[in-house]
Amino acid sequence: MADTSVTHAHDTHEHEGDEQLWEGGGKSPMRASYGKVMMWYFLVSDAFTFAGFLIAYGALRFSMPTWPEPDFVFASFPFVKAHWPLIFVTVMTFILIFSSVTMVRAVQEGHRENARGVVFWMFLTILGGASFLGCQAYEWHTLIVGENMTVSQNPFGRHIADGIYLNADGTEAKNEDGTPKTFQKDDSYLLHKHDGKFDIPKIRYTTGVDAGKTTEASFGPPSFGALFFFITGFHGFHVFSGVVFLTIIMLNAGGSLYAARKNGYEMVEKIGLYWHFVDLVWVFVFLVFYLL
Amino acid sequence: MAGHQTYEEQKALVFKGLMLLGAITIVEVVIALLAKGHMIEGVNFKHGFGHYLYMALMVGFSLYKAYFIVFYFMHMAYEVRGLVLSVLLPTTLLIWAIIAFFQEGGTWGARRELIKQKNEEVVQPTPAGKPAGYILPGTVLYKG
């Protein structure tokens, strides 16, 4: 990995004032500027924070008898009434991939000291980040307003055994074609609200330990809502902060602040590291929340 | 950074990255929809070996995407060994965190009924004069 014979783009910049950087050595062992190394270490710590959250998701999921199915929960798409499982979140993933790619281009133009290129590609990156936030706002809005999910209440459940739906008077419910309205183990359901109150259907299990028992369909594990809003919210907050910093740095790049520093627009490179990390975290949020 | 690459090579890498990450994402979603039974009527990988295979594939694809982003978009491939190791080695601690916490969650789930039972258990109050607390049967209490 380390090819020391390669002439690094930043050598000139890195070696000015060596005697203050590393006492006595005269060489920087990381061959990267202080700012870049520290950005890496910040990202390591942030990776641990996100990993902690995602591992908590896994541990809580394993501790529950049922867990909502992602392809049932995340199936809405703007202006489309039908269920399109996972399609919207795929669009969001693509938006982040595109904004990561435009960020790489901005960094490359920075190395060529091309201010116009940096501003152009950073602007596209900001657009990508803002679009992602817009998509997330839509997703949250659908879940909170349309489907009544909150941090402490999760109306997405799954049946723990086979059974049949009952009418309010205790008789067996029928489908429109007259067949009994049955459900199977692991089938997903969403409890709907009518006139501000949850309309909770009665059910009778026909298999499992509770066979023959009449009960009410229950809410799903509340920790699902808490974990979803907290983790995607924390990631969204990273995207938001990224957009703010990208904007500041784009304006500075356009205002020739970085050109004067003659260090290959290193500030663009540092915000680039952060921005790719946000995309990297999304890879795992996508895996844990939507794919598994 | 990437001092040995020409500008054209760098631009080609960006295009390659876009295609690669996009293609992997599409493959992931197609496999996910297939595995969850949305593609072919009656076909899914929700249980047993098929489910484990599906999960392993998804984790594998995601790790590859992560590797590509870190090594090529974030230029880790062109950093010196010391920096690479100081960033990547600490993350191996997460392997243990995953094993430990998933084990914990699984055990909690398996003991849910027992925990509920124990929570509902009515404990008889200790008669006066007897030592409080739980004493194993057959324990001889020391009297000084």
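**A tour from strand β7(A) to the contact between chains A and B**

In this predicted model, begin by selecting A:Lys202 together with A:Glu216, which is the bridge partner of A:Lys202 in β8(A). Widen the selection to all of β8(A), residues 214-216, and you will find that three bridges join this strand to β7(A), the two running antiparallel.

Next, select strand β2 of chain A, residues 163-166, which also runs antiparallel to β7(A) and is joined to β7(A) by four bridges. Here A:Gly163 can be picked out opposite A:Tyr205 of β7(A).

Now show the side chains of β7(A), residues 202-205, and turn the strand until its two faces can be told apart: A:Ile203 and A:Tyr205 point to one face and are buried, while A:Lys202 and A:Arg204 point to the other and are not buried. In a regular strand, side chains alternate between the two faces of the sheet.

Move on to the contact between the chains, where 45 residues of chain A touch 48 residues of chain B. On the side of chain A, α3 (34-63), α5 (87-111) and α9 each give two or more residues, and α3(A) gives the most, with 11 residues. By type, this side of chain A divides into 31 nonpolar, nine polar and five charged residues.

Finally, select α9(A), residues 266-291, with α2(B), residues 48-73, whose axes lie 9 Å apart at an angle of about 175°; because that angle is over 145 degrees, the two helices count as roughly antiparallel. Among the residues making this contact are A:Leu280, A:Val283 and A:Phe284 from α9(A), and B:Val59, B:Ala66 and B:Ile69 from α2(B). The residues of this helix contact comprise 11 nonpolar, two polar and two charged.

How values were computed:
Residues numbered from 1 in each chain as written. Chains lettered and ligands numbered in written order. Predicted model: local features only at pLDDT ≥ 70, side-chain atom pairs only at ≥ 80, totals over all residues. Buried ≥ 20, exposed ≤ 12 C-beta atoms within 10 Å, placed from the backbone. Pairing = 2+ DSSP bridges. Axes fitted to C-alpha atoms, helices over the stretch in contact; angles between N-to-C directions. Parallel < 35°, antiparallel > 145°, perpendicular 65-115°, else oblique. Contact = placed C-beta atoms within 7 Å. Nonpolar A, V, L, I, M, F, W, Y, C, P; charged D, E, K, R; others polar.
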